[in-house]
Amino acid sequence: MEIKRSPFFHDWEAGLKSEQMETSIKRYRDAKTFYKSVDETLDPDTIMYSVQCLTDPDIVGGHLNWGISKLEPVTVDGECNMTRGHFHSNLDCQEYYWCAKGSGLLMLMDETGTCWCEAMEPGTLHKIDGHYAHRLINTGDEALEVICVWNNDAGHDYARVEAMPFPVRVFKRDGKIEWEE
Ligand SMILES: O=P(O)(O)OC[C@H]1O[C@H](O)[C@H](O)[C@@H](O)[C@@H]1O
C-alpha cells in the first residue's frame, strides 16, 4: 500500500498551503461602501480582509469548498472591520464557520431582516442556515481568523443584502463595543 501526502495542508501559523489555493484580498478602497462613514485617515491600500480558499472547479451539488477568512484589527471611523456579507444564491446550502484565532461576531440576518449575532472566540463553531445572510466582524485587537466550509454550488448573493442591508452596525469606542440599530 502506498501512503501519499495530501496536496492540502492547513498550517496553524501560516494558514492554508496548497498549489490549488486561491487568495483574494479586500483592501479599504474596495470596501468603503460597507461602512457608515468614509475614514479619510485610512490608506486606501489597507488590507481589510483576505480569504485563502480551496474551491472545487466543478460546480456540482455535494462538492465542498474550504477557506480561511482573516480580518485585520482595523476600524473605519470607529466601525469594526467586517466582511461584505451575503446570502447564498442557493438557499439550501448551509455553511460552517470555526473560529481559529481572535474574537468577534458572526452577524446573521433572516429573510425578513431580523438580525442577531453569535459571539466568536477560538474554538466556537457556527452552523449557518442557508436562509440566513452572514457577515464576520472583528471586535478584537488581533486578527480574526475563521475557517469556513460550504457547498461549492452555494454562490454569493450580494445584491440581496444591498437591497436589504444588515440593520445593525458595530463600533469600538475607547475599547468598548457598541452597536447602532
Ligand atoms: O464574500 P464576503 O461576504 O466578503 O465574505 C468573505 C468570505 O467569507 C467566507 O470565507 C465565505 O465562506 C466566503 O464564501 C466569502 O467569500
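In this predicted model, Asp174 is placed in the loop that links β14 (169-173) to β15 (176-180). Its phi is positive, at about 50°, although Asp174 is not a glycine. This sign is noteworthy in that most residues other than glycine have a negative phi. Asp174 has a relative accessibility of 85% and therefore counts as exposed, the cut-off for that class being over 50%. A positive phi, near 50°, is also found at Asp77, again a residue other than glycine. Asp77 belongs to the loop between β6 (75-76) and β7, and with a relative accessible area of 44% this residue is classed as partly exposed, because the value falls between the 20% limit for buried residues and the 50% limit for exposed ones.

Another loop position, Gly61, is located between β4 (47-54) and β5 (64-71). Gly61 is exposed, its relative accessible area being 53%. Although 91 residues separate Gly61 from Asn152 in sequence, the C-alpha atoms of the two residues are 7.2 Å apart in space. Ser50, by contrast, is part of strand β4 and counts as buried, with a relative accessibility of 15%, since the class of buried residues is defined by a value under 20%. When neighbours within four places in sequence are set aside, the contacts of Ser50 comprise Ser24 and Ile25 together with Ile68, Ser69 and Lys70.

Phe87 is situated in the loop between β7 (79-80) and β8 (95-101), and its relative accessibility of 0% places this residue in the buried class. Beyond its neighbours within four places in sequence, Phe87 is in contact with residues from several parts of the chain, including Met109, Asp110 and Glu111, then His131, Tyr132 and Ala133, and further along Gly155, His156 and Asp157, as well as Arg160, Val161 and Met164. Between Phe87 and Tyr158 the C-alpha to C-alpha distance is 6.7 Å, whereas the separation in sequence amounts to 71 residues.

Tyr158 also takes part in the surroundings of the ligand, which is bordered by 13 residues, the closest being Tyr49, His86, Glu95, His156 and Tyr158. His156, one of these closest residues, is likewise among the contacts of Phe87. Polar side-chain atoms approach oxygen atoms of the ligand at three of these positions: the distance is 2.3 Å for Glu95, 2.5 Å for Tyr158 and 2.8 Å for His86. Of the 370 Å² of accessible area that the ligand has on its own, 92% is covered by the protein.

An open sheet of 3 strands is arranged in the order β10-β9-β12, and its strands pair in antiparallel fashion. The edges are formed by β10 (115-120) and β12 (133-138), each of which has a single partner strand, so that one side of each is left without a neighbour in the sheet. From one strand to the next, the twist averages 25°. Strand β9 (residues 104-109) is joined to β10 by 6 bridges, and the two strands run antiparallel; within this pairing, Leu108 has Trp116 of β10 as its bridge partner. Met109, which is in contact with the buried Phe87, falls within the residue range of β9, and Ala133, another contact of Phe87, falls within that of β12.

Methods: Residues numbered from 1 in each chain as written. Predicted model: local features only at pLDDT ≥ 70, side-chain atom pairs only at ≥ 80, totals over all residues. Heavy atoms only, no water. Helix = DSSP H or I, 4+ residues; strand = E, 2+ residues; numbered from the N terminus. Buried < 20%, exposed > 50% of the residue type's maximum accessible area, 1.4 Å probe, protein only. Contact = heavy atoms within 4.5 Å. Pairing = 2+ DSSP bridges. Axes fitted to C-alpha atoms, helices over the stretch in contact; angles between N-to-C directions. Near = heavy atom within 4 Å. Polar contact = N/O pair within 3.5 Å; in protein donor to acceptor, adjacent residues only side chain to side chain. Areas by Shrake-Rupley, 256 points an atom, 1.4 Å probe, with all protein chains shown as cover.
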